[in-house]
2 protein chains.
Amino acid sequence: MADPQQPESPRSTSAEQGPAAVFLTQTEAKALRAQAEADSLIGRSIRAERAQVDAWLRSPVSVPGSGAGGGVEHEQHKRNYLMIFAAGRQHLIWQQPEYAKRIAEVLSVYAERYTTLPFAKPYSHNPPGRLFHQILNEHMWLLFAAAGYSCVRPGLPEALRQRIDEGVFAPMVEMFTRTYRHHFDIIHNHGMWACAAVGVAGIACERRDWLELAVRGQFGDSETAGFLAQLANLFSPSGYYEEGPYYQRFAIQPMLFFAEAIERAWPELGIYRHHDEVVRRGFYAAFLPSFPNGALVPLNDAIKPMNIKSLGFVLGASFMYRRYEADARLLWLANLHGQVWPDAAGVALSDAVHTAGAEALHCELPSVELLCGPKGDKGAVGILRAEGRHHEQAVLTFDAGSHGLAEHAHFDALTLGYFARGQEVLRDYGCVRWINIEPKGGGAYLPENVSFAKQTIAHNTVSVDGRCQHEADAELAVANPSHRLAFHGSGDAQWMRGETVGAYPGVAMRRTVALLRHADFEHPLLVDLFAIEADADHVYDYALYYDGQVVRTDFDYAVSRNLSPLGTDAGYQHLWRVGAANLPAGRGLFSWLQKSCYHSLSFATSGPSEFIFTRIGANDPKFNLRAEPGLMLRQAGRDVVFASVLETHGDFDESREFSQGARGRLLALEIEDGGARLRLHGTDADWVVELGDNVALRRI
Amino acid sequence: MADPQQPESPRSTSAEQGPAAVFLTQTEAKALRAQAEADSLIGRSIRAERAQVDAWLRSPVSVPGSGAGGGVEHEQHKRNYLMIFAAGRQHLIWQQPEYAKRIAEVLSVYAERYTTLPFAKPYSHNPPGRLFHQILNEHMWLLFAAAGYSCVRPGLPEALRQRIDEGVFAPMVEMFTRTYRHHFDIIHNHGMWACAAVGVAGIACERRDWLELAVRGQFGDSETAGFLAQLANLFSPSGYYEEGPYYQRFAIQPMLFFAEAIERAWPELGIYRHHDEVVRRGFYAAFLPSFPNGALVPLNDAIKPMNIKSLGFVLGASFMYRRYEADARLLWLANLHGQVWPDAAGVALSDAVHTAGAEALHCELPSVELLCGPKGDKGAVGILRAEGRHHEQAVLTFDAGSHGLAEHAHFDALTLGYFARGQEVLRDYGCVRWINIEPKGGGAYLPENVSFAKQTIAHNTVSVDGRCQHEADAELAVANPSHRLAFHGSGDAQWMRGETVGAYPGVAMRRTVALLRHADFEHPLLVDLFAIEADADHVYDYALYYDGQVVRTDFDYAVSRNLSPLGTDAGYQHLWRVGAANLPAGRGLFSWLQKSCYHSLSFATSGPSEFIFTRIGANDPKFNLRAEPGLMLRQAGRDVVFASVLETHGDFDESREFSQGARGRLLALEIEDGGARLRLHGTDADWVVELGDNVALRRI
């Protein structure tokens with residue numbers, strides 16, 4: 001499995017002076033020291049980290065008990081492990097005894113207290129640790145603390161070393177791998193962290209048994225559990241991660257750390273070539289589902305501002321640059337981050353960024369289809385990108401993929417997202433979790449995550465008879481992924497088509513979404529055709545969530561005198577019915593202002609329909625939800641079609657009292673031939689959108 | 001009246017080569033040309049304006065009919081007048097005949113069409129013009145177009161000059177001063193624009209009669225109407241403008257333009273010394289009521305993002321620098337603007353900015369009390385400023401002043417505003433107007449401006465028996481200003497006290513607000529004591545509006561299953577009752593997250609009270625309102641007290657999943673001695689706030 005072209009093996013280098021630190025050789029440390037004063041990414045990275053470590057040394061040693069997410073104790077343990085990690089590296093770079101001394105001091109206190117601490121109060125079904133309310137965080141503690149410890153351990157007196165090894169590291173590994181054996185190496189981001197932590201601790205404490213357990217799993221087969229099994233099962237051939245971009249961002253951290261640690265300690269394993277270079281695929285697919293502002297596409301549970309500046313991308317840019325080829329996107333990322341990883345890889349990447357021209361540091365991500373499932377046969381997530389005027393990229397996202405792992409998946413087959421003019425336009429709610437805000441359920445997921453955010457009606461797709469897809473049964477949903485039917489990711493007419501059959505019994509749903517550029521429009525048009533065939537009559541709710549304020553409609557509506565929830569369950573209980581309109585002809589135009597620009601949605605339904613203005617926030621006894629607006633088109637029948645075209649137009653700058661183009665060019669939409677074609681009527685021209693096998697927009 | 005120290009008289013300079021342009025002499029133009037390539041504020045200002053003019057010359061001549069605010073016609077006329085103005089100046093600087101040619105061309109079309117155009121469709125009670133839906137905009141057209149015209153008029157053939165003078169300028173002046181005589185020189189920002197426009201046109205077209213009419217008013221007395229009368233009546237001794245900061249920002253434009261034009265054409269008038277240098281006072285008081293982000297404090301009708309970068313401040317910085325002393329704040333403003341006014345003043349100011357050090361370009365505005373009323377005897381608006389950690393300035397605003405002019409005034413005596421950590425915390429709604437968004441009522445004020453925004457309940461003050469102050473009768477309100485009782489604008493305990501008697505019959509309200517710094521708190525505390533004495537029992541609603549999401553309360557509450565409006569009139573009909581709690585002890589803590597930090601309001605009422613969660617947006621048939629949250633404390637009785645302390649604390653960065661300090665240090669508040677003192681209970685200490693004649697915070 002080992003690659004014959006393998007670069008310098010850290011093991012051999014470290015042999016010069018005892019066991020190497022997990023992530024840094026003496027040779028590398030010396031090279032970093034030589035760079036530490038440079039006005040470069042690597043120089044700034046080293047100095048910024050050192051400043052943090054120095055501040056930590058000036059603060060008192062503090063090892064508290066456990067607390068809720070975001071609480072004082074939680075934040076202190078987190079600071080401790082991050083600083084042990086950083087101080088270890090800074091010690092190797094500067095050979096400053098105070099750094100080693102502080103690490104030993106703090107770890108001694110942990111070693112003394114750890115087994116005496118009671119288990120923490122849990123806030124979720126994730127088992128509690130002794131330091132944190134969930135062992136996931138304790139895994140992180142282990143990985144970072146062990147890595148930092150490995151930098152100073154060879155220099156510690158034997159007795160102290162033993163006290164630390166056996167006071168905290170061994171009991172922690174014991175807890176993870178035995179007490180919580182059922183949770184240890186499961187195929188899941190938690191399993192990835194657990195394996196990486198135990199493996200890194202094994203390298204740090206010279207416990208080859210821990211390392212092998214972490215790599216091959218508790219059954220030793222490398223297939224049902226353990227790091228190798230996870231790599232093979234959690235990523236699709238496209239590198240898409242089962243739990244979605246937010247958790248992919250999180251899962252690549254242990255993946256990258258552990259892969260790099262293995263490569264240094266066990267090069268024969270050829271981890272970077274493993275499973276068709278799954279580490280490489282997993283990293284590159286992690287930042288493809290991102291908006292031009294860097295935020296990750298919020299599929300499934302997601303904290304929405306999470307973005308490609310997070311740690312995994314910093315790590316990955318450097319590791320990928322050294323371990324694979326010098327991809328230009330890595331330079332772009334490093335420049336965006338303003339930092340690189342402090343090791344040999346970071347030095348090389350920093351040099352490359354500083355010799356590259358400004359042009360090379362620019363990157364427009366491409367349209368891409370990410371196949372889902374370990375074999376790539378469980379549908380796909382599509383991301384279509386097109387530039388509008390002023391070189392602003394519009395991004396359409398479409399999920400015709402697998403349900404993902406049960407825990408963080410949403411029942412949102414065929415959901416649509418749209419980002420334009422620097423803002424998320426057709427929005428996904430993300431998850432209901434006030435991350436690390438202790439007074440809000442200890443920072444954990446809140447009940448409305450299940451009762452609202454995961455429900456179909458919380459998404460930009462169609463709900464049937466007021467129910468959730470697959471009756472909110474994750475097992476059913478996992479067994480029934482969507483199908484991708486077509487994907488065209490280039491040219492002026494980009495489009496994608498997907499299908500879901502049986503998410504509702506006897507109902508087949510097919511959605512075609514397109515991003516169309518045309519000289520008549522300042523910005524690409526988003527086209528959406530949602531066609532449903534069923535074996536009986538149903539009521540269909542086509543929902544879209546937006547942000548901003550209503551500018552106008554071309555139909556009369558009535559606002560509600562009093563607000564009532566739209567329903568009693570399946571997420572409807574959280575939506576206020578703010579107003580409504582009957583549309584006998586099933587057509588209308590709805591226009592809103594979102595900060596700096598306007599959007600107009602021209603829509604048509606195959607039969608009479610009702611337009612409903614909604615707002616999130618009903619039945620929310622603890623104010624856990626954000627009061628965001630939405631709209632809904634409700635249509636009854638057996639086989640129905642919803643069609644819409646979204647035009648983004650105009651400019652508004654309130655501070656300059658400037659507005660132009662508050663009305664778009666489109667006036668109305670007609671469905672022709674059951675949806676084979678849409679006719680668009682404009683203020684001064686008409687257009688046709690062909691929606692068969694060759695999607696196209698042309699003026700007529 | 002003339003100042004013997006009067007600097008260079010433009011009139012004498014221009015005598016060399018015929019009549020001078022209104023705002024620029026040949027000598028100045030030559031000096032500007034010499035600066036045009038410089039990498040300086042003045043150089044960049046000249047080049048930026050020239051680029052705009054060049055773009056205008058490349059576009060076709062277009063003189064449409066009239067349209068709504070923000071409509072195509074509106075924007076075209078606006079562009080035309082701004083470009084005529086700029087092209088005139090650029091012509092003098094570059095002596096390029098194309099500029100003069102284009103101005104003459106466009107004005108010829110106006111001259112040909114103007115009197116043939118019908119009056120526009122009005123959207124407000126402001127009379128319509130022929131170009132714009134309200135003559136206010138036509139005044140602006142006249143001022144800018146006449147000033148631009150004056151740069152090229154001396155060089156035009158006599159016949160053409162006459163055609164333009166008589167085709168458009170004379171009929172416009174005729175319309176303003178005769179057709180709309182009742183509206184012409186009234187004491188109001190519209191009157192200011194009308195006078196300035198007619199006066200500038202008089203200078204440009206060599207019609208001394210227009211100039212004198214504009215300066216002295218239609219009765220010729222300089223006291224009841226006209227520019228001089230307006231200067232004397234619209235500004236208080238502190239320079240506070242009757243209509244509030246948003247309109248002050250607007251009114252200083254014609255004030256500064258016309259003052260500068262008069263100084264150049266009629267220096268003997270000594271306009272800059274007039275009425276104790278009212279021009280100077282009016283300018284400086286215009287940016288004092290601003291938040292650290294530059295936004296103007298939203299008292300009365302206000303478009304909230306309007307800020308100190310707007311045109312009047314650019315003009316003013318340059319004019320003040322030349323006509324009065326070299327105040328350091330002018331350098332700060334010019335640097336903030338990134339531009340200066342292109343004339344001799346701008347050259348001097350630009351030089352000063354570039355020779356000043358970085359320190360000199362920084363400015364922390366001071367705490368200030370702005371007296372209201374022409375004589376300063378109609379109460380005051382107070383602005384208290386104090387720094388928190390990280391040098392972030394907190395700003396408390398308190399309105400214990402006059403009602404202002406009827407048209408744009410709100411019934412909000414004793415209203416409180418608060419800005420901290422870069423955000424407006426206790427918020428004012430501003431006005432209900434989608435400025436220049438044509439589909440929204442032609443960009444004009446909307447019905448909810450009267451039914452909600454002006455009502456007392458829309459403000460951070462107390463409403464009595466669900467009614468509006470002064471029964472929403474502007475005449476009553478104007479006759480009954482608030483009183484300022486105390487103001488202390490320096491030190492660690494800054495505070496202010498004001499009183500309103502009779503805003504409700506038989507009710508006297510006294511409010512003491514303070515901004516207190518103390519080493520125990522990372523950020524200043526805001527303290528608010530609202531004491532009411534009445535001759536009968538009433539129901540009192542103490543309202544506050546905030547932004548963000550509820551984190552926690554220390555009391556139980558129930559959210560409403562269905563939402564109903566809080567009332568039927570006086571603004572209550574626009575508030576949803578979202579939830580409520582009965583507080584028999586009249587005490588509680590309410591905490592919320594606003595983007596990057598937390599706020600906790602500890603409050604106490606003198607008797608049992610009800611806490612009500614509100615949200616704006618009920619009875620809003622056209623979605624004209626923003627759905628913002630608020631809270632209300634309701635207390636019944638005769639003499640009552642509301643007390644509250646707002647603690648700003650912690651940090652939150654969702655993209656980094658980082659939170660600290662989500663709970664503040666304060667736990668509860670007690671009113672002692674009827675409000676002479678507040679006792680604050682904290683997590684680890686207690687404090688006392690003395691609220692008598694020496695406000696102070698101390699730990700006990």
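**Exercise 1. Classify Lys101(B) by relative accessibility, then describe its salt bridge.**

Step 1. Lys101(B) has 55% relative accessibility and counts as exposed. The cut-offs: buried is under 20% relative accessible area, exposed is over 50%, and partly exposed lies in between (1.4 Å probe, protein chains only).

Step 2. The side chain of Lys101(B) meets that of Glu105(B) in a salt bridge, 3.8 Å from N to O. A salt bridge needs a side-chain nitrogen of Lys or Arg within 4 Å of a carboxyl oxygen of Asp or Glu.

Step 3. Glu105(B) counts as partly exposed, at 34% relative accessibility.

Step 4. Both residues sit in helix 5 (residues 97-113) of chain B. They are four residues apart, about one turn of the helix. Helices (H or I, at least four residues) and strands (E, at least two) are DSSP runs, numbered from the N terminus.

This is a predicted model: local features need pLDDT of at least 70, side-chain atom pairs count only at pLDDT 80 or more, and totals for chains, interfaces and linings use all residues. Residues are numbered from 1 along each chain as its sequence is written, chains are lettered from A and ligands numbered from 1 in the order in which they are written, and side-chain values use heavy atoms, leaving out hydrogens and water.

**Exercise 2. Find which parts of chain B the pair Glu206(B) and Arg153(B) ties together.**

Step 1. The two side chains meet in a salt bridge at 2.8 Å, N to O.

Step 2. Glu206(B) lies in the loop between helix 9 (189-204) and helix 10 (208-216) of chain B. Arg153(B) lies in the loop between helix 6 (135-152) and helix 7 (158-179) of chain B. So the pair ties together parts that are 53 residues apart in sequence.

Step 3. Check accessibility. Glu206(B) is partly exposed at 49%, whereas Arg153(B) is buried at 8%.

**Exercise 3. Place Gln469(A) and list what it touches.**

Step 1. Gln469(A) lies in the loop between strand 6 (462-464) and helix 18 (474-479) of chain A.

Step 2. Gln469(A) is buried, with a relative accessible area of 2%.

Step 3. Its side chain reaches the backbone nitrogen of Asp412(A) at 3.5 Å.

Step 4. Leave out residues up to four places away in sequence. Gln469(A) then touches Phe411(A), Asp412(A), Ala413(A), Thr456(A), Thr461(A), Val462(A), Ala503(A) and Tyr504(A). Contact means heavy atoms within 4.5 Å.

**Exercise 4. Describe the interface between chain A and chain B.**

Step 1. Count residues. 51 residues of chain A are in contact with 51 residues of chain B.

Step 2. Take the area. The two chains bury about 4300 Å² between them, 58% of it on carbon and sulfur atoms. Buried area is the accessible area (1.4 Å probe) that two parts lose on being put together, summed over both.

Step 3. Count the charged pairs. There are four salt bridges between the chains. Glu657(B) forms a salt bridge with Arg249(A), with 3.9 Å between the closest N and O atoms.

Step 4. Find the contributing elements. Those giving two or more residues to the chain A side include helix 4 (72-94), helix 12 (245-265) and strand 12 (549-553). Strand 12 of chain A gives the most, with four residues.

Key. Polar contact = N/O pair within 3.5 Å; in protein donor to acceptor, adjacent residues only side chain to side chain.
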